[in-house]
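Reader: I would like to go through the surroundings of the ligand and ask, for each term, what justifies its use.

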Amino acid sequence: MRTKSPLPLRDSGRRRLGCAAVAVALTGVLTLTACGSNSSSDDSPGGTDGGGANGTVGVILPETATSARWETFDKPMLQEALRAEGFAADVQNAQGDVQKFSTLADGMIAKGVKVLIIASINSEVGSAVASKAKKAGIPTIDYDRLNLGGSSDYYVSFDNVKVGELQGQALATALKDKPGGEVVEIEGAPTDNNATLFYQGQQKVLKPLYDSGALKLVRSQPIDGWDNQKGGTTFEQILTGNGGRVDGVVAANDGLAGAVITVLKKNGLNGKVPVTGQDATVDGLKAVLRGDQYMTVFKPIRDEAQAAAKLAVALAKGDTATADGLAQGVSQDPKGNRNVKSVLLQPQTVLRADVKTVTDAGYVKAADICSGDVQTACTELGIR
Ligand code: BGC
């Protein structure tokens, strides 16, 4: 059972930095253009690349500030994968705004995209969009996040329970010589089914350790909207409430990990307290190289984008046999009480010694991480 917070953590009046400030503070790499109202990319016929013998596929991404992945990896990789399959790609980002998510979908449906790929902010808006598209005869693919109670026939993602297991396992290893080590869990949005799956995976490993007393859970706290800044203030309150004691932190992604590390730093604890992460972002990898973050999870998003693009080709042709051949996994939708045909890819743990695998795979350029105080680590680990 998750510990309920007595703290006023879910106040609606949360303060947000301006978008530009958030982007820079959280990622250090996001371009400011990703923050404008027009962070879209439309290369549909008549657009910049004019291509797309197979027509246009619409993609709606959920946010920018919750993780650098969406703009840094998903957007360019989906564009590339869709073009390679002969589509023009109209990739837009709803910036965490459900209204905008629906409006973008309406526009894409009206212009007659062949397929709609959606990574939604929450299941409600995702399901509403899928059902509108279905009425217009446009197939939808749930991308990365499954819409509970939705109607998309296919889902492309990673084995998200496994992601959580990797996080839990890494923390357990890091704390193996700290009997009774005190753990704080800073989790993702309760409205994102992935956050639930990450939590399930973590608990597979950690719950037996809490039960046996090998580790001690201080608190597990979901963070609304994956709000990184709120993750930091929440962690700070929990730390203070626990007399400043913490031995390990489960942070559900690199953005939350970065916010936790900022608080640890203020308390002289960074580098001493292992923190998990996810997404292998530039900032996450740098923190891993510095020793401030114990691990991140690398999800090869190019493969996710390519799987979605291949499915899109089959669905655009109405070729369900091919689509079914691609999506041989299943995901359970407990709300809709159905199984959704899925492509579920494998995540990988990245410890300090593994950062090179991410740069070698071409996800992040060595030049983007190897500067300033991480240069020595890069040299030591042969990252160039
Ligand atoms: C994704 C993660 C991401 C998080 C916040 C999840 O649904 O799977 O990769 O870090 O959302 O954007």
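Author: A polar contact is a pair of N or O atoms within 3.5 Å, and the model to which this cut-off is applied here is a predicted one.

Reader: What makes the approach of Lys-299 to the ligand a polar contact?

Author: An N or O atom in the side chain of Lys-299 is 3.0 Å from an oxygen atom of the ligand, and the limit is 3.5 Å, so the pair counts as a polar contact. The ligand, taken alone, exposes 310 Å², of which the protein buries 100%.

Reader: How do you know that Thr-66 and Asp-144 make polar contacts with the ligand as well?

Author: For Thr-66, a side-chain N or O atom is 2.7 Å from a ligand oxygen, while for Asp-144 a polar side-chain atom lies 2.6 Å from an oxygen atom of the ligand; both values are within 3.5 Å, and therefore both pairs qualify.

Reader: Why is the ligand said to sit in the largest cavity?

Author: The ligand is assigned to the largest cavity because more than half of its atoms lie within 2 Å of the grid points of that cavity.

Conventions:
Residues numbered from 1 in each chain as written. Predicted model: local features only at pLDDT ≥ 70, side-chain atom pairs only at ≥ 80, totals over all residues. Heavy atoms only, no water. Polar contact = N/O pair within 3.5 Å; in protein donor to acceptor, adjacent residues only side chain to side chain. Areas by Shrake-Rupley, 256 points an atom, 1.4 Å probe, with all protein chains shown as cover. 1 Å grid on protein atoms, 1.4 Å probe; cavity = no way out; pocket = protein on both sides within 12 Å on 5 of 7 lines; lining within 4 Å.
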